[in-house]
Amino acid sequence: MDKKLQAVRKRLFEEFPFYAKSALKIRTKEGEVAPLKLNAAQKILDDAVAKQIQTEGKVRVIILKARQQGLSTYTGGFLYHSVSQQKAKKAMVITHHADSTRALFDMTKRYHEHCPEILRPHTKYSSRRELSFDVLDSSYVVATAGGDSVGRGETLTHVHASELAFWPKSTALDIWNGLTQAVPNTKGTAIFVESTANGVTGIYFDLWKGACEGTNGFIPVFIPWFTDPEYREPITDSFERTPEEEDLIDKYDLDDEQLMFRRRKIAQNGIDLFNQEYPAEPESAFLNTGRPVFNPEQLQECLTDAKDVKERLALEDGEFVNNRRGELTTYINHDEGENYVIGADSSMGLRNGDYSVAQVLDSKKRQVATWRGHVHPDYFAEVLKALGEFFNEAFIIVENNSHGILTCTRLIKDMAYPNAYLETQIDKLTDRETVKLGFTTTAKTKPLIIDQLRAAMREGEIELNDKVTIREMLTYIVTETGAMEAEASCFDDCVMALALANHVHEGAWEPVETPAELYIEMV
């Protein structure tokens, strides 16, 4: 093989976009069979995949997308490329519906049938669910979610979980766990999860949250609706932009035809369904079952404006030290002259349960740091004491409900932390004063502190930097009964800790400099 041909063969093996346009054929929307030239959305995904392969040697991506962006086409092509050009590879594609399973398998068969002969591997057999390449000892198989044994007992190298948000809720988690166990955590493997959103419960939402928080090994890839150049409609003679649309133009650089497409879709299905199926931001795609307590648009701006992480610290031998897996995340440098307040929400410390959370605000009501972890309430008191000392003897308020009373007792009585929240109560019969440790959350006090936090957000008094907190606030809702709580399967520990810190804060303030001329007059 001459050098030029070797170079081409190397590119075909290593550069999927080059292989796709050279070897793969798709059926276009116009009904033609044409080479797979990556569109704008597919290029975004390919960039993320190539970067992860370069850094980790494997692919673990979860994709949140608008409808009909060609991402299943890209993923199917990537899997076919992987198993048809390498030995001992096995790919499995699982979809939410039998019709989708057939469609994706037909797409892959088209790839195989139209593949140039020099690149097309010998096929031992082909059924309605499997392509087997005997010389390579590789194969490609499809399945529909809902089967009891999908992926179990297999050894897979490549998986495509299509429309995971729409898998049957009764079996989705079990199937997903079986698939992830079937793929070894080694280089050369790939797991693609792609879906449009479907509410804020279920395995897909949990995976997306974990990817955004960097806790599950997946990287999140979001592709907004306006990436697709075809999502446009001709404008009418009477077309005039609304103030909201002017804001969208400033934020996303949309044109009038894109705005017209958006108007038509909203007129057909409503704004909520449009945001779910054609999201401009990841968080807007996940619809709550209740009314959001905090303004979602404002929170999405907070996500955009949030400061980068300064440090991650862990408590070791009573001191906070740098640790990339530390529970303390800081966003603003520590200031020896600052006055800090800390709000704390304690949990039982169970690994699969609620978190213990401490929120740190400075005098300007900026979210300086967040501590979040699974620890016993007894030990959480030690964490709070160390946090308080680290942040200049910060004022600490701890919720004392349930196991929180242990945290309060340890922190205030046993450890004698000097700057903590106490409640003074007067017995109506004896007129005697009693001191209560910490803050009691009741049917009356919980709406009070949440409303105070909502007002602080509305008035722009508080600066949020922790994205985990912001995402919790996005899923904090008013239910049909009027209760304010986290959406099912979501957490509210960060929200409650932040509400407590805000409750005892004396208000954000900025020093006012006296103008020189006014100072002269005063003197």
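Here are some notes on how this predicted model is put together, going through its cores, sheets and helices.

1. Let's start with the inside. The largest nonpolar core has 39 residues, and the members that touch the most others are Tyr19, Phe78, Tyr140 and Phe192. If you want to know which element gives the most to this core, look at helix H4, residues 71-84, with 6 residues. There is also a second, separate core of 35 residues, and Ala165, Ala172, Ala285 and Ala486 are among its members. As background, nonpolar side chains tend to be buried together in soluble globular proteins.

2. Phe192 is a good residue to click on. Setting aside neighbours within four places in sequence, phenylalanine 192 is in contact with Val49, Val59, Val61 and Ile63, and also with Tyr74, Thr75, Phe78 and Leu79. Its list of contacts is completed by Val159, His160 and Ala161.

3. Next, a small piece of sheet. Three strands make an open sheet in the order E11-E21-E22, and the pairing is antiparallel. Strand E11 (291-292) and strand E22 (484-486) are the edges, each pairing on one side only. Between E11 and strand E21 (residues 476-478) there are 2 bridges, again in the antiparallel sense. To find the register, look for proline 292, which sits opposite isoleucine 477 in E21. Helix H14, residues 445-458, packs on this sheet and touches both E21 and E22. The direction of H14 makes about 75° with that of E22.

4. Strand E17 (residues 367-373) is worth a look too. How many of its residues are buried? The count is 7 of 7, so to speak a mostly covered strand. E17 has antiparallel pairing with strand E14 (residues 328-330) over 3 bridges, where threonine 330 has alanine 369 as its bridge partner. E17 also pairs with strand E16 (residues 356-361) in the antiparallel sense, over 6 bridges, and here valine 357 is matched with arginine 372. E16 and E17 form a hairpin with 5 residues between them. In that turn, lysine 365 has a positive phi of about 60°.

5. On to the helices. Helix H5 covers residues 98-114, which is 17 residues, and spans 24 Å from its first C-alpha to its last. That is close to the 24 Å expected at 1.5 Å a residue. The buried residues in H5 are Thr101, Leu104, Phe105, Met107, Thr108, Arg110, Tyr111 and His112. Note that the list includes Arg110 and His112 alongside Leu104 and Phe105.

6. How do H15 and H16 cross? The axes of helix H15 (residues 467-474) and helix H16 (residues 493-504) come within 8 Å, with a crossing angle of roughly 100°. Because of that angle, H15 counts as roughly perpendicular to H16. On the H15 side the residues that meet H16 are Val468, Thr469, Glu472 and Met473. Their counterparts in H16 are Asp493, Cys494, Val495 and Leu498.

7. Last one: phenylalanine 261, in helix H9 (residues 256-269). Is Phe261 buried or exposed? Its relative accessible area is 5%, so phenylalanine 261 is buried. Leaving out residues up to four places away in sequence, phenylalanine 261 touches Trp225, Tyr231, Arg232, Glu233, Phe274 and Tyr278. Proline 234 is 27 residues from phenylalanine 261 in sequence, and their C-alpha atoms are 8.1 Å apart in space.

How values were computed
Residues numbered from 1 in each chain as written. Predicted model: local features only at pLDDT ≥ 70, side-chain atom pairs only at ≥ 80, totals over all residues. Heavy atoms only, no water. Core = buried A, V, L, I, M, F, W, Y, C linked by side-chain atoms within 4.5 Å. Buried < 20%, exposed > 50% of the residue type's maximum accessible area, 1.4 Å probe, protein only. Helix = DSSP H or I, 4+ residues; strand = E, 2+ residues; numbered from the N terminus. Contact = heavy atoms within 4.5 Å. Pairing = 2+ DSSP bridges. Axes fitted to C-alpha atoms, helices over the stretch in contact; angles between N-to-C directions. Expected span 1.5 Å × (residues − 1). Parallel < 35°, antiparallel > 145°, perpendicular 65-115°, else oblique.
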